[in-house]
Protein chains: 2
Amino acid sequence: MKYSNQTRLLVAVDCIIFGFDGTDYKLLLIQRGFAPEREKWSLMGGFVQPEESLDEAAERILKQLTGLHEVYMEEMQAFSQPDRDPIERVIAVAYVALIDIEKYQTQINDDFHARWYSIKELPNLIFDHKKMVEIALTKLRYKAAFHPILFELLPEKFTLPQLQAMYEGLYDTKIDKRNFTRKVLSTKLLKKENEKDKSSSKKGAFYYSLDEDHYKENFTNIHNFIPRNEIPAGVE
Amino acid sequence: MKYSNQTRLLVAVDCIIFGFDGTDYKLLLIQRGFAPEREKWSLMGGFVQPEESLDEAAERILKQLTGLHEVYMEEMQAFSQPDRDPIERVIAVAYVALIDIEKYQTQINDDFHARWYSIKELPNLIFDHKKMVEIALTKLRYKAAFHPILFELLPEKFTLPQLQAMYEGLYDTKIDKRNFTRKVLSTKLLKKENEKDKSSSKKGAFYYSLDEDHYKENFTNIHNFIPRNEIPAGVE
DNA sequence: CCAAAAGTGTTTTAATTACACCCATGA
DNA sequence: TCATGGGTGTAATTAAAACACTTTTGG
């Protein structure tokens with residue numbers, strides 16, 4: 001039995017995949033191999049299959065492109081203007097993923113002609129993908145101001161200067177390193193390692209890693225890593 | 001031209017409509033007039049039509065049920081388990097609306113056998129609607145802790161004790177009225193009226209109303225109406 | 001005249017910010 | 001030895017919380 005007299009639609013998932021290379025925020029884009037907009041840049045997406053949920057579709061697509069699974073990803077928003085895709089109506093649900101750019105496996109995605117683009121110099125994107133990215137960034141700035149999600153962008157071991165650069169990059173601001181260090185360490189989310197990263201200074205900076213248990217427990221807590229007056233207005 | 005070899009699905013919008021009667025939070029539910037689950041209670045929903053966006057579908061459905069339009073409503077989350085509807089696969093996008101319960105027009109919805117239920121004593125709901133409501137409440141608690149959205153639940157003129165009761169109800173806590181008043185007034189979002197509401201005390205409480213311009217401008221700002229230790233952990 | 005709810009200020013505590021110098025080391 | 005980036009503490013400011021009495025008035 002079916003519901004009668006109703007129109008059925010294509011539903012797609014588009015993945016907005018963010019990375020951070022130590023200096024810039026990056027977005028993983030693919031060159032579409034098929035019409036319309038063949039050869040133009042696009043978010044990685046795909047149609048929802050009959051047996052899978054949207055979350056599952058998003059995971060499948062992310063894995064296809066990056067080889068990664070079990071990464072931080074969440075539903076962002078649906079995009080449903082009837083004419084957003086010129087071929088046929090498609091409702092797209094955008095997902096945002098934050099990945100460690102170093103775990104990304106180039107070989108996986110050769111088929112897709114994928115490339116990391118700095119969010120400061122994005123190419124033209126198909127359909128409403130530019131809008132999706134803008135909204136994703138706004139929401140990321142909002143959420144990251146209160147929740148420790150940016151850690152997902154870093155490798156397992158990272159230094160406090162790296163972490164700070166990541167926050168400074170997202171909010172385009174300078175943060176006092178003493179205050180930043182104190183706030184970050186007061187969350188107890190980090191474990192200090194014994195090694196140092198000497199790649200960016202002679203003295204070397206101590207590595208830290210996430211205290212996984214503590215991180216998961218406190219993930220949803222409200223934190224406050226950036227100065228009050230840098231906190232962006234909310235979204236939605 | 002169409003995309004080939006892809007399955008098309010039904011997409012529905014379900015509206016989670018909250019109200020507040022001065023004491024309790026309420027949810028507007030309808031008794032489904034058709035199978036499956038005929039006679040059971042349900043959120044108001046409907047299928048997305050070919051020419052409308054999801055936002056438009058949600059507005060249409062809200063209007064149909066309540067007679068209201070231009071109310072606070074936003075997309076919450078998609079629900080997409082393939083088997084969530086036993087008849088046929090339907091992807092539902094849940095919207096949350098906050099309305100002034102007094103503006104709701106009973107006559108509009110006679111067809112739907114609609115009823116306000118206190119969120120403390122909800123009936124059994126069809127499909128995954130209970131889950132939708134739970135998530136909506138969690139997100140509402142989170143968002144209302146930082147943004148002045150609960151005002152949408154009140155009539156144009158309201159008193160500070162009413163406002164406080166509304167916050168206390170949502171977080172199931174008592175708030176110091178001196179601190180609460182100070183915080184609320186410091187936002188400059190409210191205009192004091194000259195009249196008093198004498199319905200709940202002999203002395204009477206002054207009415208306040210939203211300073212609409214200021215409200216819209218500062219809507220997205222981060223506020224802090226409830227004590228720190230009552231702020232719920234985040235969601236998502 | 002009194003019960004019941006509204007209104008109002010000050011003190012204490014906690015959180016956040018501002019701010020500057022020493023350290024370690026490879027070149 | 002010195003240039004470079006890493007690391008650290010304290011004082012001042014601001015925000016939030018705790019706390020209790022007076023006012024109004026209908027019954």
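Chain A and chain B each put 38 residues into the contact between them, where two residues count as touching if their C-beta atoms, placed from the backbone, lie within 7 Å. On the chain A side, β1 (10–20), β5 (72–79) and β6 (90–98) each chip in at least two residues, with β5(A) giving the most, at four. That side splits into 18 nonpolar, eleven polar and nine charged residues; here Ala, Val, Leu, Ile, Met, Phe, Trp, Tyr, Cys and Pro are nonpolar, Asp, Glu, Lys and Arg charged, and the others, Gly among them, polar.

All of this comes from a predicted model, in which local features need pLDDT of at least 70 and side-chain atom pairs 80 or more, while totals for chains, interfaces and linings use all residues. Residues are numbered from 1 along each chain as its sequence is written, and chains are lettered from A and ligands numbered from 1 in the order in which they are written.

Chain A has five helices and ten strands, taken as DSSP runs (helices H or I, at least four residues; strands E, at least two) numbered from the N terminus. Its C-alpha atoms fill a box of roughly 65 × 35 × 30 Å along the principal axes.

As for the DNA, 21 residues surround strand D, the closest being P161(A), R178(A), S201(A), K203(B) and R228(B); near means a C-beta atom, placed from the backbone, within 6 Å. Elements giving two or more residues are α3 (160–171), α4 (177–186) and β10 (205–210) of chain A, plus α4 (177–186) of chain B. α4(A) gives the most, with three. By type, this surface holds five nonpolar, seven polar and nine charged residues.
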